[in-house]
Amino acid sequence: MIVEQISIFLENRAGRLADVTRTLAEAGINIRALSLADTTDFGILRLIVTDHEKAKQALKENGFTVGRTNVVAAEVEDRPGGLHAILTMLSENGINVEYMYAFVQQSGQNAVLIFRFDRTEEAVETLQKNGVRIIPGDELYNI
Amino acid sequence: MVFDVQKETLPRDELEALQLKRLKYLLQKIYHNVPFYKQKFKELGLGPENLKSLSDLRQMPFTEKQDLRNNYPFGMFAVPRESVVRVHASSGTTGKATVVGYTQRDVETWAGLMARSFEAAGATRTDIIHNSYGYGLFTGGLGAHYGAEALGATILPVSGGATKRQVMLMRDFGSTVLCCTPSYSLHLYETALASGISISDLKLRVGIFGAEPWTEEMRQDIQNKLELKALDIYGLSEIMGPGVGMECIAAQDGLHIWEDHFLPEIIDPDSGEPLPVGEKGELVITTLTKEAQPLLRYRTRDITRINPVPCRCGRTHYRIERITGRSDDMLIIRGVNVFPSQIESILLETEGLSPHYQLVIDREGGMDTLEVRVEVHENMFSDEIRHLQRLEKKISGHIKEFLGVTAKTTMVEPQGIARSEGKAQRIIDRRKK
């Protein structure tokens with residue numbers, strides 16, 4: 001049920017993001033989803049890729065600080081109120097969202113939400129109980 | 001004006017005779033009262049009786065900052081602790097501060113020498129002295145304070161911070177003498193302009209600037225902007241505090257070391273050998289009259305040279321030229337002494353931090369800034385921004401708490417700190433330009 005996300009520490013310098021994408025391109029890794037959080041001094045790039053082990057290896061070899069986090073991917077209908085319904089059920093169960101980002105699947109009618117929770121297992125249980133489909137990691141990497 | 005005409009204008013031979021007399025007494029005193037010195041003398045196979053003339057001083061042992069730390073807190077006292085009426089201390093991580101004690105007479109001597117320094121700057125009892133040196137364990141604030149009172153002037157114990165209010169007080173009270181670090185004087189100037197206060201609204205006549213290195217260009221800049229005479233003062237807490245040496249307003253060309261109380265030498269910092277008068281090297285000072293904590297041949301690590309040319313002001317005490325550098329890696333940031341090793345130990349004590357850091361010192365709007373760059377490694381990395389920001393805050397907080405200096409902490413990528421020949425370049429000081 002868990003999706004592996006890699007995160008990369010980046011200084012706010014021109015060309016740093018391109019250095020990451022070049023490294024991944026050269027290693028033959030495809031990016032499934034990404035989100036960039038930034039402050040005045042630094043940023044954290046969060047990525048879901050086709051092969052996180054290989055990506056992590058390649059990035060580390062190129063001198064990046066790379067972390068790994070478990071996130072949850074939930075499928076939601078691509079219509080008004082879709083995200084709201086999910087956030088409501090989470091808040092009713094007292095589950096905090098540390099951060100989240102989303103992307104729309106090319107093929108279907110659905111969007112994918114990537115969540116980082118403070119209590120991952122409870123969150124997954126709540127979502128499933130309410131009929132939300134959780135996308136397994138292997139499925140997501142190979143979309 | 002000369003505050004103590006008799007002592008300040010002694011002919012050199014009489015001055016040196018006085019120094020020798022006081023030095024002999026000092027050696028007896030530290031040998032018998034400070035175990036550290038007795039041990040040192042024994043190691044060298046020497047005793048106080050081996051000093052027959054001032055030139056014998058060169059055989060005597062040095063005292064280093066580390067010796068003071070090793071004898072923390074009161075091990076260097078030459079008097080019983082209850083005879084000490086005041087203690088000052090320099091910044092340091094826990095257990096590593098440099099402590100200095102003063103007897104009642106030491107406090108009075110210090111006030112007298114500081115008053116002498118004020119007079120050398122042309123100040124009199126009619127002046128209003130605005131003192132922005134920090135009050136507290138740092139010697140700057142209280143040192144200047146007691147000196148101004150001994151002189152009989154009006155002292156404003158403003159201390160540091162709240163710069164806008166300082167400028168208003170200076171205008172409203174009609175301050176004539178300013179005591180602060182040279183960089184803070186420029187910050188006061190910028191703040192005055194920003195607050196709509198013109199320099200012509202101020203009555204400042206002379207500035208007594210110390211506690212950090214500055215250049216002749218900076219002096220000219222300060223003089224032009226603040227429309228006052230900018231003079232250099234020298235002191236260090238280990239020896240006494242401000243007022244070890246002072247530039248006279250008559251010549252404005254180097255600082256008279258008050259030689260009836262302090263015996264200066266210049267040595268080669270590498271070999272420890274004394275250098276001929278006039279050559280540049282490390283300043284070494286022996287305290288001649290300190291009671292609570294006399295120091296023999298204290299290595300100041302300040303680089304300067306002695307100018308033996310008689311001064312037009314009539315004082316016979318030799319002058320040193322402005323301090324041009326350090327023989328160690330000590331940094332002076334907003335008047336606070338900071339060793340890179342202190343920051344390193346703070347980083348190492350903060351869990352998970354890498355030993356790779358870099359200090360960037362700059363000057364913005366006349367004020368020194370310190371940025372601590374720390375490399376982010378996997379064991380401290382988190383994909384949550386707030387985690388890293390909390391870490392940055394924690395480091396800055398520890399630096400403020402232990403070293404008393406405000407620092408901005410920035411996380412950088414590994415290897416983001418330039419390494420030359422495998423060795424990281426730890427210090428980037430942009431103020432020197």
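Start with helix α8 of chain B in this predicted model, where the buried residues are B:P182, B:S183, B:Y184, B:S185, B:L186, B:H187, B:L188, B:Y189 and B:A192. What do those side chains have for company? The buried residues of α8(B) pack against several elements of chain B. Two of these are helices, α7 (163-173) and α9 (216-226). The others are strands: β5 (177-180), β6 (206-209), β18 (357-364) and β19 (367-375).

The helix itself checks out on length. α8 of chain B runs over residues 182-194, and at 1.5 Å a residue its 13 residues should span 18 Å; the end C-alpha atoms sit 19 Å apart, which agrees. Just past the end of α8(B), B:G196 takes a positive phi of about 75 degrees.

Now zoom out to the whole of chain B. Its secondary structure comes to 11 helices and 23 strands. Is the chain as a whole compact or extended? Chain B has a radius of gyration of 22 Å, close to the 22 Å that the globule rule gives for 433 residues, so the chain is as compact as a globular protein of that length. Laid along the principal axes, the C-alpha atoms of chain B fill a box of roughly 70 × 60 × 45 Å. Of the 433 residues in chain B, 43% are buried. As for how the chain meets itself, take the contacts between residues at least 6 apart in sequence: 64% of them join residues at least 24 apart.

Chain B also has a partner. At the interface, 14 residues of chain A are in contact with 16 residues of chain B. On the chain A side, β1 (3-11), β3 (42-49) and β4 (66-77) each supply at least two residues. That side of chain A is a mix by class, with 4 nonpolar, 6 polar and 4 charged residues.

Chain A is worth a look in its own right. The chain is divided into domain 1 (3-69) and domain 2 (71-133), and the centres of these two domains of chain A, taken over C-alpha atoms, are separated by 24 Å. Where they touch, domain 1 of chain A puts in 6 residues and domain 2 of chain A puts in 7. Which elements carry the domain 1 side of that contact? In chain A, β1 and β2 (31-38) are the elements that give two or more residues to it. By class, the side of domain 1 of chain A that touches domain 2 has 3 nonpolar and 3 polar residues, with no charged ones. Strand β1 of chain A thus turns up in both places, at the side facing chain B and at the side facing domain 2 of chain A.

Definitions and conventions: Residues are numbered from 1 along each chain as its sequence is written. Chains are lettered from A and ligands numbered from 1 in the order in which they are written. This is a predicted model: local features need pLDDT of at least 70, side-chain atom pairs count only at pLDDT 80 or more; totals for chains, interfaces and linings use all residues. Two residues are in contact if their C-beta atoms, placed from the backbone, lie within 7 Å. Helices (H or I, at least four residues) and strands (E, at least two) are DSSP runs, numbered from the N terminus. Ala, Val, Leu, Ile, Met, Phe, Trp, Tyr, Cys and Pro count as nonpolar, Asp, Glu, Lys and Arg as charged, and the others, Gly among them, as polar. Domain bounds come from an automatic or database domain assignment. The radius of gyration is taken over C-alpha atoms; the globule rule is 2.2 Å times the number of residues to the power 0.38. A residue is buried if 20 or more other C-beta atoms lie within 10 Å of its own, exposed if 12 or fewer, and partly exposed in between; C-beta atoms are placed from the backbone. The expected span of a helix is 1.5 Å times one less than its number of residues.
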